[in-house]
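Hi,

Here is the structure I promised to pass on. Have it open while you read, and I'll walk you through what turned up.

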Amino acid sequence: MTESTPLNQGGATASANSTSDEPTPIAGSSSKGGRRGVPVYTPVESGRVAREVDSGGAGPLGDAATPKEAQAALPTGGTSAGEGSDVVDALNVSRETADDAFAGITEDDESPLAREMIETERKRRALEATDFPRPKKTRIITVTNQKGGVGKTTTSVNLAAALASRGANVLVIDSDPQGNASTALGVPHHAGTPSIYDVLLDDEPISKVAQRCPDIDTLWCVPATIDLAGADIELVSVVRREFRLHTAIHELLKGAGKNLDYIFIDCPPSLGLLTLNAMVVSNEVLIPIQCEYYALEGLTQLIKTVDMVKKHLNPEIHVSTIVLTMFDARTNLAREVASEVRSHFPEQTLEQTIPRSVRVSEAPSFAQTVMTYDPHSTGAVAYLAAAKDIAERGQTASDPGGQL
Ligand SMILES: Nc1ncnc2c1ncn2[C@@H]1O[C@H](COP(=O)(O)OP(=O)(O)OP(=O)(O)O)[C@@H](O)[C@H]1O
Ligand SMILES: [Mg+2]
C-alpha cells in the first residue's frame, strides 16, 4: 500500500487544489504555508507576537480579520504547564532561534517547565525520526463511547492527522450531526454540503462527498452536516439499515479508496443506528476514556453492544484500543481510573496517555488539528506517540486490518 491518492479528485467541493501523486507528509504542509496562506503555527513565533498584542483582544473565535491575526491575538495566560510556546516565551527566546525548540534552554535548567519541554521535544524528534508501519489492509476503526465529551472527536482527528503526517492515507468519516470532526479538519460542512447523510440515505458514493483536508495531503474527511440529526430516525425504515455504511465503504475500497490505510469513524455520543452502522463495517473499536469518576459507567453497555454486533452482524469486530484522554497525572483520581481501566483492559489500553492540553482544545477554533496547530505541544506529541503505538499494534495484532 504505497500508492497515493486513494480518493480521487471528484469530491463535490474538495480536492481541486491537490492533485499531486506524491503525498507529502506534514512537513510539506508547512512549506505550502498552511490553510489560507497561514504559516503553520510555531510556538516561538506565536509567543512573541502574543506579547505585542493586547491579550484582551480577539480570542480564538473573535473578530480578528485573518486566522493569523486571531492566532496572534490568543491570550497566553491560560496555557497550561508544559505547553511549548509559553515555556519558550517565558525563557525569552530570540526570534533568530525560532526553529529550535531547545533554544535558550540548557539541560541543567532549574525550571520544571523547561525540563518538561526538553523532554517533550526530545520525544517528538525521536518519533519524527521513526517510520510508522503501514497496514497491509485498510484498518477501519470505529471511535465510540456513548458518554459525551470524552475526547472521541479530538482523538479521531488527531490520530488521523498524526498517521497521515507520517505518510499514511487516512479517511475520517464524521458520523456525528454535531460535525465537530469536520470543523477540526477544516472542511466545509454547512447545510447543503454533500455529506455522510447523502451516503447513508441517498446511496451517494463516499468518493463524491469526501474532501481533502487543507493541511495534510494524505488526509480526507467525509463531513457531517446538521441533516444527519434526523438520520437515526430516517434510517429506521430503510432496507438493510445497519449495512448502509458497510456497503458504501466496500464500494469505496474497490475503487477510489483502494489505497487507504486507515478509516476512522467518529461516532456521536449514543449507541443508535449511526454508531451501529460504523460498528458493522469496522474491524476495530477504539474507546477514548476520560480519566474521571464516571468514566467506567456505561462501558459495560458499550462492550455488550460490541459483543452483540460481533455475534449477529460483524464477526471481525473487537475492541482493539483504549485511549486515556485528558489525563492529569497530578490527581489521584486520574491515576486510579487509569489503573482500573488497565486492570480490566490490559492489552487494549495504550501506554501513552493524552494529557489535558490547552493547545489541543484551541486547535479546532482555527479549523486545525493540534498536529498542525502546535506540533511541539505536549498534546500533539502524545497523539503522535499514540498513533505510533496504534500503527505498530496493527502489525502484530492477531486481527490486524480490514477484510473488505
Ligand atoms: N487532551 C485534551 N486537552 C484539553 N481539552 C481536550 C482534550 N481532549 C478533548 N478536549 C476538549 O474536551 C471537549 C470534548 O472533546 P471532544 O469533542 O473530542 O469529545 P467527544 O467525545 O467527541 O464529544 P461528543 O460526545 O460531544 O461527540 C472539547 O472541548 C475538546 O476540545
Ligand atoms: Mg465528538
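Let's start with one residue: His189 sits in the loop that links helix H7 (180-184) to H8. Before going further, keep in mind that this is a predicted model.

Is His189 buried or exposed? It has 25 other C-beta atoms within 10 Å, and 20 or more is what it takes to count as buried, so His189 is buried. Who are its partners? If you skip the neighbours within four places in sequence, His189 is in contact with Gly179, Ser182, Ser195, Pro223, Ala224 and Thr225. Pro223 is a nice one to find on screen: His189 and Pro223 are 34 residues apart in sequence, yet their C-alpha atoms are 5.8 Å apart in space.

Now zoom out for a moment. The chain has 404 residues, and 52% of them are buried. You can count 17 helices and seven strands in it. Contacts between residues far apart in sequence are common here: among contacts with a separation of 6 or more, 77% join residues 24 or more positions apart.

Next, two residues with a backbone angle worth a look. Asp203 has a phi near 60 degrees, which is positive even though Asp203 is not a glycine. You'll find Asp203 in the loop between helix H8 (196-202) and helix H9 (206-209). Ala367, also not a glycine, has a positive phi of about 55 degrees. Ala367 lies in the loop between H15 and helix H16 (370-373).

Which of these two is buried, and which is exposed? Asp203 has 11 other C-beta atoms within 10 Å, and 12 or fewer counts as exposed, so Asp203 is exposed. Ala367 has 21 such atoms within 10 Å, so it is buried.

Then there is a pair of helices to look at. Helix H11 (residues 244-254) and helix H12 (residues 273-281) have axes that come within 7 Å and cross at roughly 45 degrees. That angle is neither under 35 degrees nor in the 65 to 115 range, so H11 and H12 are oblique to each other. The crossing of H11 past H12 is right-handed.

Which residues meet there? From H11 come Arg244, Leu245, His246 and Ile249, and from H12 come Asn277, Ala278, Val280 and Val281. By class, the residues of this contact are five nonpolar, two polar and one charged. As for H12 itself, nine of its nine residues are buried. Those buried residues include Leu273, Leu274 and Met279.

Last stop: ligand 1. How many residues surround ligand 1, and which come nearest? There are 19 around it, and the nearest are Gly148, Lys152, Thr153, Thr154 and Pro269. Helix H6 (152-165) and helix H15 (358-362) each supply at least two residues of this shell. The largest share comes from H6, with three residues. Sorted by class, the shell around ligand 1 has 11 polar, five nonpolar and three charged residues.

If you want a place to begin, try finding His189 and Pro223, then move over to where H11 meets H12, and finish at the shell around ligand 1.

Cheers

Notes:
Residues are numbered from 1 along each chain as its sequence is written. Chains are lettered from A and ligands numbered from 1 in the order in which they are written. This is a predicted model: local features need pLDDT of at least 70, side-chain atom pairs count only at pLDDT 80 or more; totals for chains, interfaces and linings use all residues. Axes are lines fitted to C-alpha atoms, for helices over the stretch in contact, and angles run from 0 to 180 degrees between N-to-C directions. Helices (H or I, at least four residues) and strands (E, at least two) are DSSP runs, numbered from the N terminus. Angles under 35 degrees count as roughly parallel, over 145 as roughly antiparallel, 65 to 115 as roughly perpendicular and the rest as oblique. A crossing is left-handed if the near helix is turned anticlockwise from the far one by less than a right angle, and right-handed if clockwise. Two residues are in contact if their C-beta atoms, placed from the backbone, lie within 7 Å. Ala, Val, Leu, Ile, Met, Phe, Trp, Tyr, Cys and Pro count as nonpolar, Asp, Glu, Lys and Arg as charged, and the others, Gly among them, as polar. A residue is near a molecule or strand if its C-beta atom, placed from the backbone, lies within 6 Å of it.
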